[in-house]
Amino acid sequence: MAELNKFRLHAGDLAPPFALPGVDGKTYRLVDYANDPLLLVVFWCNHCPYVQAWEGRMIDLGRRYGPKGVRVVLINSNDARAYPEDSFESMARRAKEKQYPFPYLQDESQEVATAYGALVTPHPMLFDGQRRLLFQGRIDNDHQHAERATERYLERALDQALAGGPVHPAELPVAGCTVKWRP
């Protein structure tokens, strides 16, 4: 697990801008979400077993919370040369196969991951309407077995934010595969 003292952004910090290509052929920018009450940015990839284990739950969250005003974007910042499963073409296949209900973006330069301080995949970060960080942490407390999860951290944060109250806890250690940085 990545420790809290390694986070670059903390509660109240602004989301860094981005302009990234999506697997659907469009370019997505932070400003595109200016009118959405909440934005969930999740650093993601194809090959990580943690991502694969949480993938169905993330898709479910996207489908359930999208109609409530939560916009979700997945960003893959991994070095695709070293990890071909994380290539843009593989991303497009996976998004289509799994029917992602949200954009899947590539951060080939890794500048966005650096600006956000992404540590692992998955690394979810929830931002309010002013794009201030409300929450970052794990999706839940059992990546391997959805039925055994007793703490649904991300879902609780989404519910708290949608209710207009504070999100507590605002930070939890993240668990996953390290971001695969280019040499």
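This passage walks through the overall build of a predicted model and then turns to helix α1.

The secondary structure of the chain amounts to four helices and nine strands. Read from the N terminus, the elements follow the order β-β-β-α-β-α-β-α-β-β-β-α-β, so three strands come ahead of α1, by the DSSP-run numbering used here.

The overall dimensions come next. Along its principal axes, the C-alpha trace spans about 40 × 35 × 35 Å. A compact globule of 183 residues would have a radius of gyration near 16 Å, and the value of 15 Å found for the chain agrees with this. Of the 183 residues, 52% are buried. The chain exposes about 8,600 Å², and 50% of that area is supplied by carbon and sulfur atoms. As for contacts between residues at least 6 apart in sequence, 76% join residues at least 24 apart.

Helix α1 offers a good place to look in more detail. It covers residues 49–65, and at 1.5 Å a residue its 17 residues should span 24 Å; the C-alpha atoms at its ends are indeed 24 Å apart, so expectation and model agree. Along the way, α1 bends by about 50° at E55. E55 is also one of the buried residues of the helix, alongside V51, W54, R57, M58, I59, L61, G62 and Y65.

What lies over these buried residues of α1? The cover includes the strands β3 (38–44), β4 (70–76) and β6 (120–121), together with the helices α2 (88–98) and α4 (153–162).

Terms used:
Residues numbered from 1 in each chain as written. Predicted model: local features only at pLDDT ≥ 70, side-chain atom pairs only at ≥ 80, totals over all residues. Heavy atoms only, no water. Helix = DSSP H or I, 4+ residues; strand = E, 2+ residues; numbered from the N terminus. Expected span 1.5 Å × (residues − 1). Bend = angle between axes of the 7 residues up to and from the residue. Buried < 20%, exposed > 50% of the residue type's maximum accessible area, 1.4 Å probe, protein only. Contact = heavy atoms within 4.5 Å. Rg over C-alpha atoms; globule rule 2.2 N^0.38 Å. Areas by Shrake-Rupley, 256 points an atom, 1.4 Å probe, with all protein chains shown as cover.
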